[in-house]
Amino acid sequence: MRRFAFHRFWAVVLKEFIQMRRDRVTFGMMVGIPLMQLMLFGFAINSDPKHLPAGVLNADHGPFGRSIVAAMQHSDYFAFDHEVRTEAEAQRLLELGDVQFIVNIPQNFSRSLLRGERPVLLIEADATDPGATGSALGSLQGVIDSALARDLRGPLADLSATPAPVELRLHRLYNPEVITQYNIVPGLMGVVLTMTMVVITALAITRERERGTMENLLATPARPFEVMTGKILPYIVVGYVQLSLILVAARFLFGVPMEGSLVLLYAVAFLFIGANLAVGITFSTVAANQLQAMQMAFFFFLPSILLSGFMFPFRGMPEWAQNIGSVLPLTHFLRIVRGILLKGNGFAEILPHLWPMLLFMAGALTIGVKRYRQTLD
């Protein structure tokens with residue numbers, strides 16, 4: 001039996017370091033992915049979102065309503081940046097997702113409070129993402145009690161005795177029972193499509209290059225755009241099959257409500273699937289082998305799933321992370337799917353999320369075509 005020789009062992013170590021240095025993409029991924037995870041989990045992820053956008057529909061304009069709104073603002077959970085005039089406007093803001101909460105202060109609120117009639121303070125919350133609103137709603141009663149305790153002093157002190165001088169009513173819209181599956185299962189459509197579409201197409205051209213069949217493609221009269229779209233089309237069909245399976249499971253296994261148009265959802269899915277396939281094709285033209293293609297797909301998938309609002313509240317992230325997340329197509333597709341299924345949104349409500357996906361797909365496809373031409377060279 002041969003004895004262990006340090007010089008042979010060290011030669012193998014050096015060989016591995018040299019191979020690692022030559023494969024720069026793999027080395028970059030080995031360093032880049034841990035750094036990305038460190039940055040995202042350390043700085044971007046926050047399960048206790050603050051400064052959530054809110055609107056106030058104040059029909060009273062008395063001192064107690066203003067005091068409660070000011071206390072909510074100072075709690076850091078609510079950011080009142082919308083002055084709402086009508087209930088219809090409030091519902092519109094909630095449907096578009098521009099606000100997370102609407103505080104409804106009825107007429108004669110302050111006068112009823114002074115009479116000891118326990119006026120109703122209505123809070124409407126967009127509960128499509130229970131994780132985003134849970135902490136804010138949980139703090140609400142304490143915030144209101146503290147605000148009224150400061151105002152009801154001296155001759156008004158008797159009003160602050162139990163029961164509470166204000167009756168707080170919470171209306172959790174679109175998901176009144178706060179069922180987590182109503183948020184997760186529709187989101188899974190986007191996550192599954194992102195993962196499979198990018199990975200499958202990232203391997204497409206790379207596999208042909210490794211198998212030596214790329215020369216056959218180069219010999220055909222097909223233009224780069226024709227080759228790329230021809231490769232994409234079968235995977236679009238696969239994507240629609242996946243989408244249909246998830247929709248059937250969502251309806252019959254998890255009881256997810258479907259308030260909006262499924263035709264509209266299928267139409268929007270075409271754009272989303274196309275955007276992810278364009279990314280996969282671009283990766284396949286850059287990667288030298290299938291391992292690199294897989295690494296690049298994971299490099300794209302990681303921020304997509306963490307910064308899109310699928311796992312963690314989007315508004316809980318810092319602004320720089322939200323800006324990155326707003327570029328990714330999954331962020332907009334999640335809002336579209338949840339909006340159509342849970343809120344019954346139509347084309348007008350989802351329009352603000354369509355053009356970012358269209359721009360992303362056009363950009364990715366342009367890069368992919370240019371890279372494919374370089375591959376031809």
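A polar contact here is a pair of N or O atoms within 3.5 Å, where one must be able to donate a hydrogen and the other to accept it. Keep that in mind for later; let's start with the whole protein, which is a predicted model.

The fold is built from 15 helices and five strands. Its radius of gyration is 27 Å, well over the 21 Å that the globule rule gives for 377 residues, so the protein is more spread out than a compact globule. You can see this in the C-alpha trace too, which spans about 95 × 60 × 35 Å along its principal axes. Of the 377 residues, 48% count as buried. Carbon and sulfur atoms own 62% of the accessible surface, which comes to about 18900 Å².

Now zoom in on S308, sitting in the loop between helix 12 (290–307) and helix 13 (319–327). S308 is buried, with a relative accessible area of just 4%. What does its side chain reach? One partner is the backbone nitrogen of F310, at 3.4 Å. On top of that, a polar atom of the S308 side chain lies 2.8 Å from the backbone oxygen of S304. Leaving out residues up to four places away in sequence, S308 touches P303, F314, L330, T331 and L334.

Next up is helix 14, residues 329–343. From first C-alpha to last, this helix reaches 20 Å, close to the 21 Å expected at 1.5 Å a residue. Because 14 of its 15 residues are buried, helix 14 is largely enclosed by the rest of the structure. After the helix comes G344, with a positive phi near 75 degrees.

Terms used
Residues are numbered from 1 along each chain as its sequence is written. This is a predicted model: local features need pLDDT of at least 70, side-chain atom pairs count only at pLDDT 80 or more; totals for chains, interfaces and linings use all residues. Side-chain values use heavy atoms; hydrogens and water are left out. Helices (H or I, at least four residues) and strands (E, at least two) are DSSP runs, numbered from the N terminus. The expected span of a helix is 1.5 Å times one less than its number of residues. Buried means under 20% relative accessible area, exposed over 50%, partly exposed in between (1.4 Å probe, protein chains only). Contact means heavy atoms within 4.5 Å. The radius of gyration is taken over C-alpha atoms; the globule rule is 2.2 Å times the number of residues to the power 0.38. Accessible areas come from the Shrake-Rupley method with a 1.4 Å probe; for residues, only the protein chains shown count as cover.
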